[in-house]
Amino acid sequence: MTTTPSYLADTATGLPLPGDAQFATAAEERRYRKQRLTAALRLFGKYGFGEGISGHISVRDPELPGHFWVNPFGVSFKRVTVGDLILVDSDGTVVEGRHKVNPSAFVIHSAIHEMNPDAEAAAHGHTAHSRALGALGRLLEPIDQESAAFYGKQVLYTEYEGPSVAVEQGKDIAEKLGDNRAILLQHHGLITVGGSLEEAVHWFFTFDSCAEVQLLALAAGTPKSFSHEQALSAGAGFGDAQLGRFSFQLLWDEIVHEQPDLLDE
């Protein structure tokens, strides 16, 4: 019989990770999701993921089928508050909130939420590193532990047809994404999804930083990749969903401390 060392916790990674938050009511969970969505948007602003009107993050409503919360059109990542968020239904109608919906946000996120029941949240941005990697027609290679989180869980989308404002294109993106963790849109940007808002955003940050590392390595020489076995082993740890959720918690603590006004309703 093998005894687990005392310094290892009873989790998939051996790390002392807390369990998921529990809620007494749907209203309580809704507020929780909206607050973390707003924090994620502020973090996008802080880390330079904004590109004009482009970029959006969504999370399902915990009670209303086919409805999701998303950042409104024309409000800066750096200034958005909980009170600015909008609730959008499956037809693209804003059913709660005072702002309009970005057409691209609707066609992409509605399709992902509809076609992938496990995608509680989706994050999309036009970051420099993801655009550069996409322009090369390459996905992340397993050259370090973090990139291994996407090993076998990413796809390159090459069917560029202009800005994503057509419902058919949103559905095509969602179909190509499938049950993967990330889809890199060539000539466009990056989308990541997760079983929670925290996961989706953590994967976005991780993918973008991995893209930067890969581009730097390629510029300097020929990167050495993990073997298949090494990539699977690293991915099991750094790609753990519970670790992804907890990693976002650190970013949450950071941004709420720095920008507490984001919680304004």
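Which residues is Q214 in contact with, leaving aside its neighbours within four places in sequence? I started my notes on this predicted model with that look-up.

**Entry 1: Q214**

I listed the contacts of Q214 beyond the neighbours within four places in sequence, and they are L133, R138, L139, L140, E141 and I143. I then placed the residue itself: Q214 lies in helix α5, which covers residues 197–220. Buried or exposed, I asked of Q214? I read a relative accessibility of 0% for Q214, so I entered the residue as buried.

**Entry 2: strand β8**

I turned next to strand β8, residues 189–194. How many of its residues are buried? I counted 6 of the 6, so I noted β8 as largely enclosed by the rest of the structure. I also checked which way the residues point. G189, I191 and V193 point one way from β8, while L190, T192 and G194 point the other way. The residues of both sets are buried. For reference, I wrote down that side chains in a regular strand alternate between the two faces of the sheet.

**Entry 3: partners of β8**

Which way do β5 and β8 run relative to each other? I have them as antiparallel, with 5 bridges joining β5, residues 121–125, to β8. As a marker for this pairing I took A123, which stands opposite T192 in β8. T192 is one of the residues I had already entered as buried.

I found β7, residues 182–185, joined to β8 by 4 bridges, and these two strands also run antiparallel. Here my marker is L184, whose bridge partner in β8 is L190. L190 points the same way from β8 as T192.

I looked at the hairpin of β7 and β8 as well, and it has 3 residues between the strands. Within this hairpin, H187 takes a positive phi near 65 degrees.

**Entry 4: the chain as a whole**

I put the secondary structure of the chain at 7 helices and 8 strands. The radius of gyration is 18 Å, close to the 18 Å that the globule rule gives for 265 residues, so I noted the chain as being as compact as a globular protein of that length. I logged the span of the C-alpha trace along its principal axes as about 55 × 45 × 35 Å.

Of the 265 residues, 49% count as buried. For contacts with a separation of 6 or more, I noted that residues 24 or more positions apart account for 68%. The chain exposes about 12,600 Å², and carbon and sulfur atoms supply 52% of that area.

I closed with the charges. The chain has 20 positive and 35 negative charges, and I recorded their mean positions as 4 Å apart.

Technical notes
Residues numbered from 1 in each chain as written. Predicted model: local features only at pLDDT ≥ 70, side-chain atom pairs only at ≥ 80, totals over all residues. Heavy atoms only, no water. Buried < 20%, exposed > 50% of the residue type's maximum accessible area, 1.4 Å probe, protein only. Pairing = 2+ DSSP bridges. Rg over C-alpha atoms; globule rule 2.2 N^0.38 Å. Contact = heavy atoms within 4.5 Å. Areas by Shrake-Rupley, 256 points an atom, 1.4 Å probe, with all protein chains shown as cover. Lys, Arg positive; Asp, Glu negative; His and termini not counted. Charge placed at Lys NZ, Arg CZ, Asp CG, Glu CD.
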